[in-house]
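Biologist: Please show me the model. I will ask short questions, and I would like short answers with the reasoning spelled out.

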Amino acid sequence: MSKNEENWEIAPKNDLLDLKLKEVWAYRDLLGLLVRRDFVSFYKQTILGPLWFFIQPLFTTIIFTFIFGNLAGISTDGLPKPLFYMAGITAWNYFADCLTKTSTVFKDNASIFGKVYFPRLIMPLSIVVSNLVRFGVQMILFLVFMAYYYFNGAHFNISWAIVLFPVVVALMALLGLGAGMIISAMTTKYRDLAFLVGFGVQLLMYATTVIYPLSTAIAKYPTYSWLIEYNPMTPIIETFRYGFLGEGAFSWGSLGYSTLVTLIFLVFGTIIFNKVEKTFVDTV
């Protein structure tokens, strides 16, 4: 055996917080293949292919602008309506995709898990990375929107909080990953949850500042605004908007709260994921 070869001992995990990151790094080529598989398989039989990366947020922005901006007349804090909605949609889509796809990782990959050994964390990580590619493409569309409105005299300013962009992306990814792993572990026994996730994520969007600013929610619905304020995605989206557009209810306390909730979900998700992966083949 050459010096560069490594041996891995496949044994039951004793530490539920053990992510075996060294093994994950050793299987990084598999991670890359899974990311490529997700990208290719999703658009393989479509006519427009990767153009759907642009079409989906664009059409959603148009619909939101017409319904919530024009018909309902919901305030956008003085920002151009399409630009306001595009910011919220871009950030929300990444979190929602990470959550919904991770939540079915055991069920969707049961046949692979039952035949081949590899660090199980590779699967949810591949979902987060593949969705990051999609998020990057949609960010390009958002930046095109920004450039268009800037050169047409729209009033918005890029603020210093734009330096927090990597933090915001990491929080969206880890929050979706942690919550998704918890739901995925539960769906091995309770299949009904798989049907509720998509519906639940859509409802959660309306409790997040995707289609309205936090200032409007507090002013019009002070009794229920705490539900929106304590939604961990609200400070993340508000920080995203404040960084790129200069409008939003940014505060270090709120962002710190979102970070704390994200870490809690990630820790519990890791514990439950590691516990269930030992026996899930018998229940899926």
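Biologist: Is Trp 160 buried, partly exposed or exposed?
Modeller: Buried means under 20% relative accessible area, exposed over 50%, and partly exposed in between (1.4 Å probe, protein chains only). Trp 160 has a relative accessible area of 45%. So Trp 160 is partly exposed.

Biologist: What kind of model is this, and how are residues numbered?
Modeller: Residues are numbered from 1 along each chain as its sequence is written, and side-chain values use heavy atoms, with hydrogens and water left out. Local features need pLDDT of at least 70, side-chain atom pairs count only at pLDDT 80 or more, totals for chains, interfaces and linings use all residues, and the model is predicted.

Biologist: How many helices and strands does the protein chain have?
Modeller: Helices (H or I, at least four residues) and strands (E, at least two) are DSSP runs, numbered from the N terminus. From the N terminus on, each element in the run is α. The count is 13 helices and zero strands.

Biologist: What percentage of the 284 residues in the protein chain is buried?
Modeller: Accessible areas come from the Shrake-Rupley method with a 1.4 Å probe, and for residues only the protein chains shown count as cover. The accessible surface of the protein chain is about 15100 Å², with 66% of it belonging to carbon and sulfur atoms. Buried residues make up 45%.

Biologist: Which helix gives the most residues to the largest nonpolar core?
Modeller: A nonpolar core is a set of buried Ala, Val, Leu, Ile, Met, Phe, Trp, Tyr and Cys residues joined through side-chain atoms within 4.5 Å. The largest one has 67 residues, and Trp 92, Phe 142, Met 172, Phe 240 and Leu 245 touch the most other members. With 13 residues, the top contributor to this core is H4.

Biologist: How are the rings of Phe 142 and Phe 244 arranged?
Modeller: Rings of Phe, Tyr and Trp (its six-membered ring) pair if their centres lie within 6.5 Å; planes under 30 degrees apart count as stacked, over 60 as edge-to-face and the rest as tilted. The whole structure has 20 aromatic pairs. In the pair of Phe 142 and Phe 244, the centres are 5.7 Å apart and the planes are at 75 degrees, so the pair is edge-to-face.

Biologist: How far apart in sequence are Phe 142 and Phe 244?
Modeller: Both residues are buried. Phe 142 is in helix H7 and Phe 244 in helix H12, so the pair links distant parts of the chain: the separation is 102 residues.

Biologist: Which parts does the pair of Trp 160 and Phe 250 tie together?
Modeller: Their ring centres are 5.4 Å apart and their planes are at 85 degrees, so this pair is edge-to-face. Phe 250 is buried, at 18% relative accessible area. The parts are 90 residues apart in sequence: the loop between H7 and H8, and the loop between H12 and helix H13 (252-276).

Biologist: Which helices does the salt bridge of Asp 97 and Arg 134 link?
Modeller: A salt bridge is a side-chain nitrogen of Lys or Arg within 4 Å of a carboxyl oxygen of Asp or Glu. For Asp 97 and Arg 134, the N to O distance is 3.2 Å. The two residues are 37 apart, and they link helix H4 and helix H7.

Biologist: What separates Arg 241 and Glu 238 along helix H12?
Modeller: Their side chains meet in a salt bridge at 3.7 Å, N to O. Arg 241 is buried at 2%, and Glu 238 is buried at 3%. They are three residues apart in helix H12 (residues 233-245), so the separation is about one helical turn.

Biologist: Which residues does Leu 171 touch, leaving out those up to four places away in sequence?
Modeller: Contact means heavy atoms within 4.5 Å. Leu 171 lies in helix H8 (residues 165-187). Its C-alpha atom is 6.7 Å from that of Thr 259, 88 residues along the chain. The residues touched are Ile 236, Leu 255, Thr 259 and Thr 262.
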